[in-house]
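Thank you all for coming. Today I would like to walk through one structure with you, so please have the sequence and the model open while I talk.

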Amino acid sequence: MDQVRQVFTVDLLERYAAKGRGAITCMAAGNDVIVLGTSKGWIIRHDFGVGDSYDIDLSVGRTGEQSIHRVFVDPGGSHCIATVVGNGGADTYYTHAKWSKPRVLSKLKGLVVNTVAWNRQQITEASTREVILGTDNGQLHEIAVDEKDKREKYMKFLFELAELPEAFMGLQMETASTSNGTRYYVMAVTPTRMYSFTGIGSLDTVFASYLERAVHFMELPGEIPNSELHFFIKQRRAIHFAWLSGAGIYHGGLNFGAQHSSSDGDENFVENKALLNYTKLCEGPEAKPSSLAVSEFHFLVLIGNKVKVLNRISEQIIEELQFDLTSESASRGIIGLCSDASAGLFYAYDQSSIFQVSVNDEGRDMWKVYLDMKEYAAALSNCRDPLQRDQVYLMQAEAAFSTKDFLRAASFFAKINYILSFEEITLKFISANEQDALRTFLLRKLDNLSKDDKCQITMISTWATELYLDKVNRLLLEDDTASENRNSEYQSIIKEFRAFLSDCKDVLDEATTMRLLESYGRVDELVYFASLKEQYDIVVHHYIQQGEAKKALEVLQKPSVPIDLQYKFAPDLIMLDAYETVESWMATKNLNPRKLIPAMMRYSSEPHAKNETHEVIKYLEFCVHRLLNEDPGVHNLLLCLYAKQEDDSALLRFLQCKFGKGRASGPEFFYDPKYALRLCLKEKRMRACVHIYSMMSMHEEAVALALQVDPELAMAEADKVEDDEDLRKKLWLMVAKHVIEQEKGAKRENIRKAIAFLKETDGLLKIEDILPFFPDFALIDDFKEAICSSLEDYNKQIELLKQEMNDATHGADNIRNDISALAQRYALIDRDEECGVCRRKILTVGADFRMTRGYTSVGPMAPFYVFPCGHAFHAQCLITHVTQCTTRAQAELILDLQKQLTLLDGNTRRESNGGLTEESITSMTPADKIRSQLDDAIAGECPFCGDLMIRDISLSFISPEEAHQDSSWEIKPQSLGNQRSLSLAI
């Protein structure tokens with residue numbers, strides 16, 4: 001152990017702690033509070049947390065000498081129980097840290113309390129909750145005190161030893177909350193026995209149950225000056241216990257959650273029990289401890305004036321504590337030990353002084369203790385640094401290696417990081433020729449390395465890969481049938497190897513690993529690793545070589561596979577399995593069919609059975625009809641494959657399909673019609689050629705070719721032309737000529753068929769159109785009916801033309817009469833009729849309106865206009881109004897016409913008021929023409945009823961000239977200072 005820095009150190013805390021109140025007889029501590037009992041009946045309370053102390057005299061009212069027998073303090077340092085013995089018997093008192101006077105527990109009068117068990121889990125400063133008192137006559141009592149009541153709440157008798165009445169010397173209690181209530185664990189000791197009680201409910205219920213069942217106890221006979229029971233408390237929970245008995249220190253662990261039941265039915269919550277013999281403390285058998293304290297790993301045992309510190313695990317003495325005693329207390333020596341679980345301190349006391357025993361990292365060397373005992377798990381849990389852990393792992397590894405448990409040794413060696421190098425460990429396994437253990441070591445080493453050690457991880461992973469491959473080959477050499485047996489070691493190692501490749505795919509060097517797999521001939525693992533590294537071209541190529549097209553297609557369909565690989569392997573896959581390949585193409589999104597054309601052409605070049613489904617045609621039809629593909633290459637290839645089929649029905653349906661139908665702009669088909677025509681001519685698909693000619697508007701060629709195939713087809717093609725009557729007639733003449741020339745029957749029969757053909761043209765062809773196609777020596781009698789019918793038609797047409805001419809002559813006469821009537825039209829004006837603009841009377845007006853430019857006045861009246869709607873305007877007023885309201889260009893035209901009239905007015909003035917005669921219509925002067933244009937410009941429609949008024953609706957009410965009027969109506973903001981606000985209630 002470390003001799004430089006001791007685990008336990010002794011310091012004098014208080015030299016004259018009794019303050020002259022007698023000699024110290026007992027002591028208790030809790031939460032930095034120490035309570036002393038003296039030989040004169042005083043209790044002295046030292047609160048080192050606040051630096052305060054006070055004393056209470058418990059001998060008041062008692063005669064004779066009084067001494068404090070025992071004093072007890074709760075873990076919080078608030079509650080205190082003390083027993084006074086003297087000539088008047090024994091009394092037990094309770095006092096609180098806030099009280100100045102103690103409270104005597106009258107029900108315990110005459111009973112000597114030797115031990116107290118506090119409810120550590122539920123006790124508070126204000127209430128003790130359940131407290132168990134153990135007396136000198138073997139009885140247990142329960143008490144509870146609330147500080148505010150200044151008295152005990154209750155006191156109950158719990159239990160009494162009947163079989164072997166002995167004094168209770170030590171008492172401890174633990175509680176635990178369960179679904180059924182509170183479970184109590186109580187442990188009590190007498191000089192020779194240790195009793196355990198447990199149960200659910202209240203304390204009196206628990207102890208009442210032992211009236212009907214036996215009490216569980218452990219008996220250790222022997223004499224001891226002072227039997228004691230101690231719990232080590234960690235985080236308010238007891239971890240282990242120690243009983244200072246006559247036979248030795250009986251100790252063990254505590255597990256209050258254990259469900260192991262003893263033979264008598266009690267739950268046994270004591271584990272790992274052991275007895276430490278006193279012979280390990282000293283050589284003389286007569287010396288026995290007088291007091292005991294328990295720490296986490298050690299026992300502090302008081303023998304004489306020395307405190308020996310024993311390691312609880314190794315049972316070895318590690319230190320001896322010496323005390324600086326005064327001459328007065330040297331004769332009596334150290335009286336006892338006590339502990340403060342809350343503060344983690346220990347105390348020793350003599351008749352006048354208090355010594356503090358401090359703990360300095362008592363667990364720092366526990367890993368060595370456990371390691372020496374080969375308790376490796378406990379040693380590891382107590383290690384403080386990596387070097388300590390390495391020593392534990394090294395001892396474990398060496399122990400396993402020495403027993404030839406190499407795999408286990410490899411696991412431990414892999415955890416060593418400092419005290420043994422990587423090379424030394426690997427050489428150990430190589431020298432022992434343990435390849436499997438070496439592989440295990442490398443794998444475990446990988447698990448323990450940090451992610452920053454990239455180089456080391458890659459090298460170790462590569463080495464492990466080679467060891468796996470070597471193992472696989474050795475297994476195959478040992479057993480040729482190992483690869484066929486699914487339960488063999490070979491299959492297990494292959495599965496493990498693949499899992500390793502999957503885990504290490506990101507750290508293994510891709511090229512190196514693939515070379516290793518290839519050099520060992522592990523093609524399957526090579527493909528597996530390639531798929532892990534997303535080298536899908538290698539994987540697909542392998543499956544194609546194996547003839548497994550379906551597996552290759554499954555790889556290509558993965559979302560992470562580049563789409564270019566589909567095009568790269570398409571030629572091989574479609575030749576290997578056309579059906580599966582096409583199905584895969586159809587299921588794959590974002591596939592460009594144009595890039596698959598080379599593969600499809602290669603497949604199409606191969607011969608196929610008549611009834612075999614052409615997979616390329618199926619895929620192209622899917623692209624064209626389902627995907628609405630518009631690529632000309634795709635359409636051309638589909639058309640080419642249709643043309644090569646024996647049945648041309650699919651080809652014709654394809655040609656008749658309008659793929660662009662419904663679009664605002666664009667072609668109706670996407671294939672090249674010229675290419676289609678050459679292809680169909682080459683493959684002798686004449687009906688298809690006829691359709692293509694017709695589609696290209698080459699109707700003459702279409703009809704000529706159709707006549708070679710089927711006259712009915714030619715007639716249908718000729719009938720398609722609707723917008724060009726001459727072309728349609730020409731096409732029908734071609735058909736007629738072919739029909740007449742092809743007839744081989746009797747002449748009279750040929751004529752009848754020709755006449756019947758005329759009826760099919762719906763009157764487009766006449767008998768005279770087809771007569772030149774007959775021979776010159778044909779008898780006219782054969783055409784008599786047709787010629788007569790044709791002449792009758794011509795007569796009907798002549799009569800219709802005559803009727804149309806008569807109707808035209810009659811119409812011309814009506815127009816002349818209308819013109820004459822128009823020249824004589826007039827309108828009645830009331831003498832009080834006003835001008836629509838100036839509001840003056842039309843017929844009586846001043847001299848200023850009498851003359852207008854371009855007009856001739858009649859008597860005293862000025863020129864004016866009257867409209868059919870009834871509105872009348874002076875000529876000058878109408879010109880002014882229209883000029884203002886019409887467009888700028890129209891206004892300039894009106895002004896220009898006025899100027900021209902003014903210039904011509906002197907030479908062409910007439911004496912009439914603008915009246916026109918029939919003769920004057922045909923002989924108008926230039927001034928009349930200009931005046932007519934002016935009339936059209938200003939009087940084409942009434943300005944109040946026509947479009948001019950409708951356009952005025954959109955104009956602003958205020959003209960630009962009236963802008964100053966608009967600004968005068970603007971509301972300007974004024975100062976609010978002089979205004980009064982008026983609130984309105986709504």
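Let me begin with empty space inside the protein: the largest cavity in this model, which is a predicted one, has a volume of about 90 Å³. The search that found this cavity covered the whole structure, and it returned 2 cavities of 30 Å³ or more.

What lines the largest cavity? There are 15 residues in its lining, and those that lie nearest its centre are Val35, Arg45, Tyr54, Cys80 and Thr95. If you look for the elements that give two or more residues to this lining, you will find strand 3 (33–38), strand 4 (42–47), strand 5 (52–57), strand 7 (79–86) and strand 8 (89–96). Of these, strand 5 gives the most, with 3 residues. When we sort the lining of the largest cavity by class, we count 8 nonpolar, 5 polar and 2 charged residues.

Now let us move along the chain to the helices, starting with helix 4, which spans residues 386–402, and helix 5, which spans residues 406–413. Their axes are 8 Å apart and the two helices pack at an angle of about 165 degrees. Because angles over 145 degrees count as roughly antiparallel, helix 4 and helix 5 are described as roughly antiparallel to each other. Their crossing is left-handed. On the side of helix 4 the contact involves Tyr393, Leu394, Gln396, Ala397, Glu398, Ala400 and Phe401, while helix 5 brings Phe406, Arg408, Ala409, Phe412 and Phe413. By class, this contact of helix 4 with helix 5 has 9 nonpolar, 1 polar and 2 charged residues.

How does helix 5 pack against helix 6? Helix 6 covers residues 422–431, and the pair packs at an angle of about 170 degrees, with axes 11 Å apart, so helix 5 and helix 6 are again roughly antiparallel to each other. In this contact, Phe406, Ala409, Ala410 and Phe413 of helix 5 meet Ile425, Lys428 and Phe429 of helix 6, and these residues divide into 6 nonpolar, no polar and 1 charged.

The last pair is helix 6 with helix 7, where helix 7 runs over residues 435–448, and here the axes come within 9 Å and cross at roughly 155 degrees. That angle makes helix 6 roughly antiparallel to helix 7. From helix 6, the residues Phe422, Ile425, Thr426, Phe429 and Ile430 meet Ala437, Leu438, Phe441, Leu442 and Lys445 of helix 7, and by class this contact has 8 nonpolar, 1 polar and 1 charged.

Methods
Residues numbered from 1 in each chain as written. Predicted model: local features only at pLDDT ≥ 70, side-chain atom pairs only at ≥ 80, totals over all residues. Heavy atoms only, no water. Axes fitted to C-alpha atoms, helices over the stretch in contact; angles between N-to-C directions. Helix = DSSP H or I, 4+ residues; strand = E, 2+ residues; numbered from the N terminus. Parallel < 35°, antiparallel > 145°, perpendicular 65-115°, else oblique. Left-handed = near helix turned anticlockwise from the far one by under 90°. Contact = heavy atoms within 4.5 Å. Nonpolar A, V, L, I, M, F, W, Y, C, P; charged D, E, K, R; others polar. 1 Å grid on protein atoms, 1.4 Å probe; cavity = no way out; pocket = protein on both sides within 12 Å on 5 of 7 lines; lining within 4 Å. Points joined across faces, edges and corners; volume = space filled by probe spheres on them.
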